[in-house]
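Q: Take me through one part of this model up close, please. Start from a single helix and its packing, then work outward to the pockets and the rest of the chain.

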Amino acid sequence: MAEREAVLRLDEQWARVRSGAAHAPPQERERLLDELIGALRTRPDDAECTALLGLRLADRAALRFAEGDRASALATIEEGLRSSERAAACAPEFARWYARGLINHGVWLAWPLSDGDRLPRHPLGTAASQGPSAMERAAGERALDLTRAAVEVWAGLDQGDPVNRRGLAQAKVFLGDRLAELGHAEEAVAWAVDAECDFRRQLLAEHGSQASQEAEEALDHIGRQLELRLRYLSFDSLTALRARGLLPERLLPQAVVAARVQGVEEAGIAAGLRLEAEQVRTMLEVTPWTAVWRVEVRGPDGVWAALEHPWHSATEVRDRTAADVGAEVVRGFTESADHPGRGRPWRILLWWHQEGDPAGARFRLSAGGDAPPATPS
């Protein structure tokens with residue numbers, strides 16, 4: 001018993017250092033953490049020590065990540081998860097630690113798949129012209145599996161406990177992020193909408209508390225993510241989400257615009273999204289979208305060079321398809337003094353909101369030289 005109490009006191013000491021309540025230089029932090037991990041390993045039959053070992057191995061992994069040693073960090077967190085899983089069945093608190101560890105490991109694995117703003121680098125998945133490497137995709141798939149497991153752990157806990165409800169909602173958000181990184185846009189939206197509903201219920205139930213503030217922050221994050229993700233959905237995906245009740249009313253104007261950008265006629269939009277024709281017409285009239293285009297000409301060295309304004313520009317439009325705007329840019333360019341003439345390759349790409357991967361362009365056309373006939377897509 002004395003040995004166990006000594007181990008727990010050592011963990012309390014580390015917890016104070018970790019939180020900043022007690023100061024320790026880097027070398028002392030490393031020494032203390034190593035000593036604690038070693039002590040926890042001596043008690044494999046103690047559920048609390050086993051659960052704590054998972055947490056402290058995660059702390060060590062975080063330090064390795066901070067040092068840039070990703071391989072060592074990932075191996076360490078894998079060991080920590082095995083320890084956390086063994087303890088998870090012994091107490092709800094240990095199960096919560098395990099679920100959070102699964103999510104954190106998923107975030108670390110998927111790190112190369114997101115940019116500095118934690119948005120997907122390759123949101124188009126296999127359609128992207130420059131997708132993730134095979135190793136990055138494999139890590140992303142592993143991250144997705146871990147995050148699904150975390151959702152299952154949270155869902156298996158008592159949902160009468162608000163801590164567990166919040167944990168489940170947060171896990172759904174992370175699952176949506178992992179799906180988006182791999183290009184599964186429709187399912188990413190579905191999980192984000194599910195999480196949004198959970199957080200709205202929490203906001204109503206816990207108004208004015210710290211938990212309600214956290215719910216508001218989560219809702220802001222989800223709202224931004226949903227607006228981004230809707231831009232990558234096909235009309236079939238939009239109609240499928242609407243049929244499943246997973247297309248929030250506030251996002252219907254953007255969904256209508258998304259369909260119109262893709263070239264769907266008003267009647268088709270109304271039928272697919274279960275709206276009245278007048279509703280669709282009004283949404284298209286009042287909801288603008290930003291068309292961003294880039295015209296490039298290939299030089300003798302084979303390198304594509306973007307032209308300057310007005311052939312590399314943007315404008316706000318209403319009730320027009322990407323093909324409409326693209327065709328207008330093409331007409332202007334072919335009649336301008338900037339046109340390179342016959343036999344010189346040129347191309348145009350047009351996006352919704354911001355330029356990015358060519359696979360995400362809503363209008364594409366190549367012409368001149370050995371290019372196939374100018375056929376917009």
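A: **Helix 12 and outward**

The cover over the buried residues of helix 12 includes helix 10, helix 11 and helix 13 (277–286). Before going further, keep in mind that this is a predicted model. Helix 12 itself runs over residues 266–273, and its buried residues are Ile269, Ala270, Gly272 and Leu273. Right after helix 12 comes Arg274, with a positive phi near 55 degrees.

Let's follow two of those covering helices. Helix 10 takes in residues 235–243, Ala240 among them. Is Ala240 buried or partly exposed? Ala240 has a relative accessibility of 25%, so it counts as partly exposed; the cut-off for buried is under 20%. From Ala240 you can jump 85 residues along the chain to Val325, and the two C-alpha atoms turn out to be separated by 27 Å.

Val325 brings us to helix 14, and helix 11 turns up again here. Helix 11 (252–261) is part of what covers the buried residues of helix 14, and so are strand 1 (289–298), strand 3 (312–317), strand 4 and strand 5. The buried residues in question are Ala322, Val325, Gly326, Val329, Val330 and Phe333. They sit on the same side of helix 14, because the arc they cover around the axis is only 140 degrees. That spacing fits a general rule: an α-helix has 3.6 residues a turn, so residues three or four places apart point the same way. The length of helix 14 is a handy check too. Its 13 residues (322–334) should span 18 Å at 1.5 Å a residue, and the end C-alpha atoms are 18 Å apart, so the two agree.

Two of the strands over helix 14 lead on to the largest pocket. Strand 4 (346–352) and strand 5 (363–367) are the elements that give two or more residues to its lining. The space in this pocket comes to about 620 Å³. Its lining has 28 residues, and those nearest the centre are Leu124, Tyr232, Trp351, Gly360 and Ala361. If you're thinking about chemistry, the lining splits into 13 nonpolar, eight charged and seven polar residues.

Stay with strand 5 for a second, as Leu365 is placed there. Leu365 has a relative accessible area of 7%, so it is buried. Pair Leu365 with Ser72 and you get a sequence separation of 293 residues and a C-alpha to C-alpha distance of 46 Å.

Now for Tyr232, which also lines the largest cavity, along with Pro120, Pro123, Ala180, Ala185 and Arg229. Rolling a probe the size of a water molecule over the atoms shows where empty space is left. How many cavities of 30 Å³ or more are there? The count is one, and the space inside is about 60 Å³. Five of its lining residues are nonpolar and one is charged, with no polar ones.

The second largest pocket holds about 320 Å³ of space. Of its 19 lining residues, Arg18, Leu55, Ala58, Asp59 and Asn104 lie nearest the centre. Helix 1 (2–19), helix 3 (47–66), helix 4 (70–88) and helix 5 (92–110) supply at least two lining residues each, with helix 3 giving the most, at seven. By type, the lining has nine nonpolar, five polar and five charged residues.

One more stop is Thr147, in helix 6 (residues 134–155). Its relative accessible area is 0%, so Thr147 is buried. Leaving out residues up to four places away in sequence, Thr147 touches Gly106, Ala171, Phe174, Leu175 and Arg178.

Zooming out, the chain has 14 helices and five strands. Its C-alpha trace spans about 85 × 55 × 30 Å along the principal axes. Of the 377 residues, 46% are buried. Among contacts between residues at least 6 apart in sequence, 62% join residues at least 24 apart.

Definitions and conventions. Residues are numbered from 1 along each chain as its sequence is written. This is a predicted model: local features need pLDDT of at least 70, side-chain atom pairs count only at pLDDT 80 or more; totals for chains, interfaces and linings use all residues. Side-chain values use heavy atoms; hydrogens and water are left out. On a 1 Å grid over the protein atoms alone, a cavity is a set of points where a 1.4 Å probe fits but cannot get out, and a pocket is an open set with protein on both sides within 12 Å along at least five of seven lines; lining residues have an atom within 4 Å of a point. Grid points are joined across faces, edges and corners, and a volume is the space filled by probe spheres set on the points. Helices (H or I, at least four residues) and strands (E, at least two) are DSSP runs, numbered from the N terminus. Ala, Val, Leu, Ile, Met, Phe, Trp, Tyr, Cys and Pro count as nonpolar, Asp, Glu, Lys and Arg as charged, and the others, Gly among them, as polar. The expected span of a helix is 1.5 Å times one less than its number of residues. Buried means under 20% relative accessible area, exposed over 50%, partly exposed in between (1.4 Å probe, protein chains only). The arc is that of the directions from the helix axis to the C-beta atoms. Contact means heavy atoms within 4.5 Å.
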